[in-house]
Amino acid sequence: MSPKRPSKRARTRSTARTAKGRPTLASRADRYVLYQRAVQDPEPEIAFIQRVFKRTRGRAAQSFREDFCATAHLATAWAKGHRARTAIGVDIDPEPLAWGRANVLAPEPEQVQARVTLARANVLEYAGPKVDVVGAFNFSYLIFKKRQELVAYFRKAYEALDRDGLFFCDLFGGTEAIVPSVESRRCKGGFTYVWEHARYNPIANEILCHIHFRFRDGSEIREAFTYDWRLWTIPEIRECLLEAGFRDTQVWWDPTDEDEYRLSESEENQPGWLVYIVGVK
Ligand SMILES: C[S@@+](CC[C@H](N)C(=O)[O-])C[C@H]1O[C@@H](n2cnc3c(N)ncnc32)[C@H](O)[C@@H]1O
């Protein structure tokens, strides 16, 4: 969910009516619903956070801050997981926040809603209560393209953590990450999620990506979300976390042949890889 709303061009590409004049599936679809179904899966992410937190801190994490939270799907799922848990969702864009408040939080029991706080704020400025875990997922922090900006963000995350807190972010890479490409995947609900690496600039190590959605009636929503990112490398992220004050960092590698991410310091490169990088306060 990029800060920029879909461009006028993106909207008009979702043809509104079929040849028979019926509204197309694309024109009736909600891009936030499609996004959640296509790229968000809170349960395994929360289980991973708790696994790493218990392993590192010997206890379960209770308080969580989801930075770049958009519709706060993960923050809400966190609070739903246990009565003792609290969650904060921070996003600069009022639109996904409002959508999340109405469609993700409002359907939950009051006792869950009472433990979730949504804040419309810039993560570079937000200063809320201290928490056990701060998370920046689906590569959202890659919008920070200058080193001092990235370190400034990691420093804000560091300051938001309790003394034994952990920071989590994810990253992708591999030989195919820097090659313009399109990959698609059919999703529950009968639509196709399309992830496009539209452009890569090696001089700045910047990548422009789009999410498109296609429907069985041939209609589509093009550029439903667009991301203009710097494709930082794992060592750069680790150095910036240490520069921001974290005492240590961990890399959890996504082994394609095993279920669980594993702690790692050396791996064979792959066409596409995913990692979690953890900052230890
Ligand atoms: C890729 S989406 C992330 C969605 C969600 N975290 C996920 O895991 O799928 C990025 C979100 O970051 C928000 N965002 C971008 N810059 C921000 C900033 N400086 N402070 C807070 N939110 C920001 C955008 O509004 C957008 O909703």
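**Exercise 1. In this predicted model, find which strands α5 lies across, and the angle at which α5 runs to β1.**

Solution. Start with the strands: α5 lies across β1, β2 (86-91) and β3. Then take the direction: α5 runs at about 170° to β1.

**Exercise 2. Work out the strand order of the open sheet, and name its edge strands.**

Solution. First, lay out the order of the eight strands, which is β3-β2-β1-β4-β5-β12-β10-β11, with mixed pairing. Next, look for strands that pair on one side only: these edge strands are β3 (116-120) and β11 (262-263). Now turn to the β11 end, where β10 and β11 pair in the antiparallel sense over two bridges. Finally, pick out a residue there: Trp252 stands opposite Leu263 in β11.

**Exercise 3. Check the span of helix α8 (residues 147-160), then say which of its residues are buried.**

Solution. Begin with the length: α8 has 14 residues, so at 1.5 Å a residue it should span 20 Å. The end C-alpha atoms are 20 Å apart, which agrees. Then list the buried residues, taking under 20% relative accessible area as the cut-off: Leu150, Val151, Tyr153, Phe154, Lys156, Ala157 and Ala160. Last, see what they pack against: β1, β4, β5 and α9 (234-243).

**Exercise 4. Now do the same for helix α4 (residues 42-57), and describe what follows it.**

Solution. The 16 residues of α4 reach 22 Å from first C-alpha to last, close to the 22 Å expected. Its buried residues include Phe48, Ile49, Val52 and Phe53. Among the elements covering the buried residues of α4 are β1 (63-67), α5 (73-80) and β12 (273-280). After α4 comes Gly58, with a positive phi near 70°.

Definitions and conventions: Residues are numbered from 1 along each chain as its sequence is written. This is a predicted model: local features need pLDDT of at least 70, side-chain atom pairs count only at pLDDT 80 or more; totals for chains, interfaces and linings use all residues. Side-chain values use heavy atoms; hydrogens and water are left out. Helices (H or I, at least four residues) and strands (E, at least two) are DSSP runs, numbered from the N terminus. The expected span of a helix is 1.5 Å times one less than its number of residues. Buried means under 20% relative accessible area, exposed over 50%, partly exposed in between (1.4 Å probe, protein chains only). Contact means heavy atoms within 4.5 Å. Two strands pair if DSSP finds at least two bridges between them. Axes are lines fitted to C-alpha atoms, for helices over the stretch in contact, and angles run from 0 to 180 degrees between N-to-C directions.
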